[in-house]
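Please look over the complex shown here before reading on. The explanation below takes up one part of it at a time.

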Number of protein chains: 2
Amino acid sequence: MRGESTPRLREALEEDIVAGHLRPGQRLDEVSLAARFEVSRTPIREALIQLAASGLVEIRPRRGAFVVLLGPRALIESFELMAEIEAACGRLAARRATPEDRAALAAAHAACAAAVADADAARYYPANAVFHQAIYAATANRVLAEEARRLQVRLQPYRRLQLRVPRRMEASFAEHEAILAALLAGDGAAAAEHLRAHVLVQGERFMSLLGALQAETDADAEAG
Amino acid sequence: MRGESTPRLREALEEDIVAGHLRPGQRLDEVSLAARFEVSRTPIREALIQLAASGLVEIRPRRGAFVVLLGPRALIESFELMAEIEAACGRLAARRATPEDRAALAAAHAACAAAVADADAARYYPANAVFHQAIYAATANRVLAEEARRLQVRLQPYRRLQLRVPRRMEASFAEHEAILAALLAGDGAAAAEHLRAHVLVQGERFMSLLGALQAETDADAEAG
DNA sequence: AGGGGAGATCTTGCATACATGATCTTGACT
DNA sequence: AGTCAAGATCATGTATGCAAGATCTCCCCT
C-alpha cells in the first residue's frame with residue numbers, strides 16, 4: 001500500500017462535512033468508513049482525530065465520533081469569535097496590503113459582483129469565501145490567516161443554510177463594498193468595524209433563520 | 001489495560017513541552033515514548049497527532065514528530081495574533097464581566113502583586129497566566145476563551161525565556177494595572193488597546209531577547 | 001582524501017488481532 | 001403491558017505484525 005492515506009481521508013471527510021453530505025450530529029462509524037474508503041480503521045481514526053482538533057468532529061470516548069452539531073450558544077459564540085478575527089484581519093490588511101493583494105481583493109470582489117448580477121447564489125458563496133480569504137492573505141500574517149481559514153471552514157456547514165435567507169446575497173455584497181473601500185483606503189479602523197458588523201449580522205440572520213427552521217421542524221414533528 | 005491512556009499521554013507530553021523539559025526542535029521518537037510511558041505506539045501516535053493539531057508538535061510525513069520550533073517570523077506572527085485575540089477578549093470582558101468575574105480578576109491581580117512584592121518571578125508567571133485566563137473567562141464566550149487558552153499554551157514554551165528579561169515583571173505588572181482599571185471601568189476600547197500593547201510589547205522584548213541569545217549561541221559555537 | 005552510491009538498519013504508516021466498555025436484545029417480573 | 005436486568009453483540013481502544021520509505025554506514029570510485 002502506498003503511504004499517506006490519512007491526509008486524503010481527512011480531506012475527503014472534511015469535504016463531505018463542509019458540503020453537507022454528512023450532517024451535523026451524524027455518527028461516523030470507523031468500520032463503515034474504513035470499508036467505504038477501503039483502508040483499515042487506523043488511518044480512519046487518525047483522520048477523525050485531526051478533524052476533531054479542527055472542530056468539525058467531536059469524539060466522545062468509547063462512544064464514537066460525531067459530526068459536530070454546534071448548539072445555538074456555541075454558534076453565537078463562534079460567529080462572535082469569527083467577527084473579532086476578521087476585524088483583526090481587516091485592521092492589519094488595510095495597513096499592509098501589497099499591490100498584488102489589492103488586485104486580488106478587487107478581483108474577488110468582481111467575482112462576487114458577477115454572481116450578484118446573475119442572482120446566482122450558488123456561485124456567490126464560494127466567491128464570498130475567496131474574497132474573505134483574500135483579506136486574510138493581505139494581513140501578511142500566515143498564523144492569523146490560518147486561524148481565520150480554520151474558523152471559516154468550521155462554520156461552513158452552517159453558512160450553507162444562509163442560501164435560504166432572502167436578499168442576503170445583495171446585503172452581503174453591499175457590505176463587501178464598504179469593506180473593500182476601507183481596505184483600499186488603508187483605513188484599518190473602518191475596515192475592522194465593517195468586517196465585524198458584516199460577520200455579526202451574518203450570525204444574527206443565521207440564528208433567526210435557525211429559529212424559524214426549528215419551529216418548522218417542531219411543527220412537522222407534531223403533525224407527523 | 002484499562003482504556004483511555006491517550007488523554008493522559010497528551011497531557012504529559014504537553015506538560016513536558018510547555019515546561020521546557022522537551023526542547024523546541026527535539027525529535028519525539030514513537031518507540032522511545034512508548035517505552036517510557038509503558039504503552040504501545042498506537043496511543044502515542046494519537047497523542048502526537050493531537051499535539052500537532054494544537055500546534056505544539058509538528059509531524060513531518062515519514063520523518064517523525066518534532067517539538068515545534070517557531071522561527072522568528074512565526075513567533076512575531078503568533079504574538080500578533082495573540083495580541084488581537086486578547087484585545088478582543090478585553091473588549092468583550094469589559095462589557096460583560098459579572099461581579100464574580102470582577103472578583104476573580106481582582107484576586108488574580110492581587111496574586112501578581114504579591115509575586116512582584118517578593119520579586120518572585122517563578123511565581124509571577126503562573127499568576128500572570130491566571131490573570132489572563134480570568135479575562136478570557138469574563139468574555140462570557142467559551143469558544144473565544146478556548147481559542148485564547150490554546151494560543152497561550154502554544155506560546156508558553158517561548159515565554160519561559162522571558163524570565164531573563166530584566167525588570168520585565170515590574171513592567172508587565174504596571175500594564176496589568178491599566179488593563180484591570182479599564183476592565184473594571186467597563187471601557188472596552190481602552191481594555192482592548194492596553195491588552196494589545198501589553199502582548200505586543202511582550203513579543204517585541206521577547207524577539208530582541210531571542211536575538212541576543214542567538215548571538216550568544218553563535219559566539220559559543222565559534223569559540224567551541 | 002573527498003564525494004557518491006549500494007546495502008543495512010531503523011522508523012513510520014498501515015493492517016490485523018484482541019480486550020474492555022457500551023449498546024442492544026430478550027426475557028422475566030411487577 | 002411496561003420496565004428492568006442479564007446476556008449477547010458490537011464498537012472502540014490498545015497491542016502487535018508487516019511492508020515501504022528514510023536514514024546511516026561503509027566502501028568504492030574519482
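What follows turns to the surroundings of one DNA strand and then to a charged residue within the protein.

The model is a predicted one, and the account begins with DNA strand D, which has 19 residues around it. Those that come nearest are A:Arg41, A:Arg45, B:Ser5, B:Ser40 and B:Arg63. Of the atoms of DNA strand D that come within 4 Å of the protein, 65% belong to sugar and phosphate. By class, this surface has 10 charged residues, together with 6 polar and 3 nonpolar ones.

Individual polar contacts add detail to this picture. A backbone N or O atom of B:Ser5 lies 2.4 Å from a phosphate oxygen of DNA strand D, while an N or O atom in the side chain of B:Thr6 is 3.0 Å from a phosphate oxygen of that strand. The side chain of B:Thr42, by contrast, addresses a base, with an N or O atom 3.0 Å from a base nitrogen of DNA strand D. The elements that give two or more residues to the surface near the strand are helix H3 (41–54) of chain A and helix H3 (41–54) of chain B, and H3(B) gives the most, with 3 residues.

The second site is B:Glu147, placed in helix H7 of chain B, which spans residues 142–159. B:Glu147 is buried yet has no salt bridge; the nearest side chain of opposite charge, that of B:Arg150, is 4.3 Å away, whereas a salt bridge requires a separation within 4 Å. Leaving aside residues up to four places away in sequence, B:Glu147 touches A:Leu81, A:Glu147, A:Arg150 and A:Arg154 of chain A, as well as B:Ile85 of chain B.

Definitions and conventions:
Residues are numbered from 1 along each chain as its sequence is written. Chains are lettered from A and ligands numbered from 1 in the order in which they are written. This is a predicted model: local features need pLDDT of at least 70, side-chain atom pairs count only at pLDDT 80 or more; totals for chains, interfaces and linings use all residues. Side-chain values use heavy atoms; hydrogens and water are left out. Helices (H or I, at least four residues) and strands (E, at least two) are DSSP runs, numbered from the N terminus. Buried means under 20% relative accessible area, exposed over 50%, partly exposed in between (1.4 Å probe, protein chains only). Lys and Arg count as positive and Asp and Glu as negative; His and the chain ends are not counted. Contact means heavy atoms within 4.5 Å. A residue is near a molecule or strand if one of its heavy atoms lies within 4 Å of it. A polar contact is a pair of N or O atoms within 3.5 Å; within protein, one must be able to donate a hydrogen and the other to accept it, and residues adjacent in sequence count only if both atoms are side-chain atoms. Ala, Val, Leu, Ile, Met, Phe, Trp, Tyr, Cys and Pro count as nonpolar, Asp, Glu, Lys and Arg as charged, and the others, Gly among them, as polar.
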